[in-house]
Amino acid sequence: MVEQKARILLVDDEENCLRALKDVFDLEDIECIPANNGLKALDLFSHNDFDIVITDVRMPGISGIDILRQVKRLRPETHVIILTGYGSIHDAVASIKMGAYQYILKPVIMDELLTLIKDILSRIEQESSASPLQGLKEPLPSGKTILGQSVRLQNVAKLISKIANTDLPVIILGESGTGKELAATAIHHTSDRAGKPFVAINCAAFPDTLLESELFGYEKGAFTDARSSKTGRIEEADGGTLFLDEIGDMKPAMQAKMLRVLEEQEFQRLGSNKSRKVDIRIISATNRDLRLAIHEKAFRADLYYRLNAVSITMPPLREIPEDIPLLANHFAREFASRFGRSTVQVDKEAMECLKRYNWPGNVREMANAIRRAVALSDGKLIRIFDLPPHLVQEQTAAQEAEPDTSKSLLLDDIEREHILKVLEITSGNKSEAAQILGIHRDTLLRKLKKYGVE
Ligand SMILES: Nc1ncnc2c1ncn2[C@@H]1O[C@H](COP(=O)(O)OP(=O)(O)OP(=O)(O)O)[C@@H](O)[C@H]1O
Ligand SMILES: [Mg+2]
């Protein structure tokens with residue numbers, strides 16, 4: 001990963017102060033662009049990426065407080081440090097309420113300022129750098145890593161590293177898109193079998209008879225189309241791991257055959273009565289409720305107990321919202337670099353929206369949403385209107401669907417506030433706002449009139 005280099009916009013009308021600070025930043029290898037008035041500063045800010053803005057409060061024309069206000073409006077995640085003399089300390093204190101990171105008294109004590117900057121930078125790095133889970137081999141040969149800081153995912157990682165080197169069969173449970181296949185590859189690559197094949201087969205993707213010949217292979221002449229012999233996946237996986245994805249979709253007849261392979265560690269190709277020994281570790285996965293399937297006689301209990309020596313449950317994304325910022329930033333970075341863009345970050349409001357959504361398609365759905373958002377974004381920030389509309393709409397709808405009619409006054413307040421917020425995001429553009437809100441433009445106009453908004 002590229003090492004993060006700080007980029008600072010430094011604003012002060014006193015040339016001496018500018019020069020002194022710039023010299024120190026140069027020494028510390030911190031990139032700093034000076035501006036000796038507010039207008040110049042805002043111009044620079046709107047055309048460049050800065051991690052931090054350091055600004056004097058009192059300047060002729062545009063003040064440091066005006067700059068703070070604009071910066072927070074344009075890119076709220078930028079950190080602003082206010083420099084202040086005793087004369088303007090009131091403004092400085094007020095600036096904290098407006099979102100400034102900190103204020104520092106002039107004349108500046110360099111150590112104090114540098115410590116503050118380093119604090120901010122490590123914070124930025126923490127927020128954006130996704131750290132892999134402990135104990136797992138990383139990254140996997142696919143270039144992927146299981147990311148997460150939530151206790152639930154940490155426990156998954158611990159369990160994986162604990163059982164990787166046993167040869168126990170593992171079943172991975174979880175909704176679609178929660179990372180079951182990723183977990184399976186992590187187990188394989190953390191185990192001693194890492195140098196050997198990892199062979200995956202999706203049991204739902206083949207009709208019954210085809211699944212059997214895919215798994216077991218066949219000899220020439222085993223059936224009409226068998227013009228030559230073919231190695232099956234079981235044989236390919238010899239020495240390594242066989243991943244049976246969507247095992248819940250396997251038909252009972254196939255289940256019986258797989259059970260035999262598991263019990264005897266041997267199998268026969270179709271059209272052959274020669275038994276072949278294999279050494280495979282079986283990992284299976286399903287998003288079905290296997291216990292229910294057993295109850296309904298669609299899944300064999302004996303196979304279930306065989307597969308289920310260890311079971312790992314991948315949590316749905318809505319149950320680990322604390323991992324959403326980490327994953328969102330990770331995908332933003334990944335797709336930005338794939339699309340040849342510099343750095344794209346998720347702004348605060350969009351992040352809030354991501355955190356509130358309930359992600360029925362889990363991590364896969366989020367990866368897709370971020371890919372789309374990166375493509376639509378201005379190349380710097382993902383904003384709320386870059387996100388798939390249903391993501392924003394559903395939340396508006398949830399607010400509108402409040403059943404208690406006695407609260408209608410409050411609801412109106414919420415709606416009014418929400419509309420205003422969206423209008424602010426779109427800089428007053430009503431068509432765009434209506435689109436984000438998921439309502440017709442005429443409906444929006446009617447609501448604006450009702451609320452007396454100009
Ligand atoms: N914790 C995670 N960290 C990083 N990427 C993840 C994580 N969980 C899932 N992903 C990514 O999300 C996508 C979906 O994961 P995966 O294919 O493993 O899910 P699945 O549970 O097998 O889904 P399905 O049931 O639909 O087959 C993949 O691109 C995977 O790399
Ligand atoms: Mg899968």
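This note covers a five-stranded sheet, the helices on it and the surroundings of ligand 1 in a predicted model.

1. The sheet is open and its five strands follow the order β2-β1-β3-β4-β5, paired in parallel. From one strand to the next, the twist averages 20 degrees.

2. Which strands stand at the edges of this sheet? They are β2 (31–35) and β5 (102–105); each has a single partner strand, so one side of each is left without a neighbour in the sheet.

3. Strands β3 (residues 52–56) and β4 (residues 79–84) run parallel and are joined by five bridges. In this pairing, T55 stands opposite I82 in β4.

4. Helix α3 (residues 64–74) packs on the sheet, where it touches β1, β3 and β4. The direction of α3 makes about 160 degrees with that of β3.

5. Helix α2 (residues 38–47) lies across β1 (7–11), β2 and β3. Relative to β1, α2 runs at about 160 degrees.

6. Turning to the ligand, 17 residues surround ligand 1, and the closest are S176, G179, K180, E181 and V363. By character, the residues of this shell comprise six nonpolar, seven polar and four charged.

7. Which domains and helices supply the shell around ligand 1? Domain 2 (151–313) and domain 3 (320–387) each contribute at least three residues. Among the helices, α7 (180–190) and α15 (362–376) each supply at least two residues of the shell.

Key
Residues numbered from 1 in each chain as written. Chains lettered and ligands numbered in written order. Predicted model: local features only at pLDDT ≥ 70, side-chain atom pairs only at ≥ 80, totals over all residues. Near = placed C-beta within 6 Å. Helix = DSSP H or I, 4+ residues; strand = E, 2+ residues; numbered from the N terminus. Nonpolar A, V, L, I, M, F, W, Y, C, P; charged D, E, K, R; others polar. Domains from an automatic or database assignment. Pairing = 2+ DSSP bridges. Axes fitted to C-alpha atoms, helices over the stretch in contact; angles between N-to-C directions. Contact = placed C-beta atoms within 7 Å.
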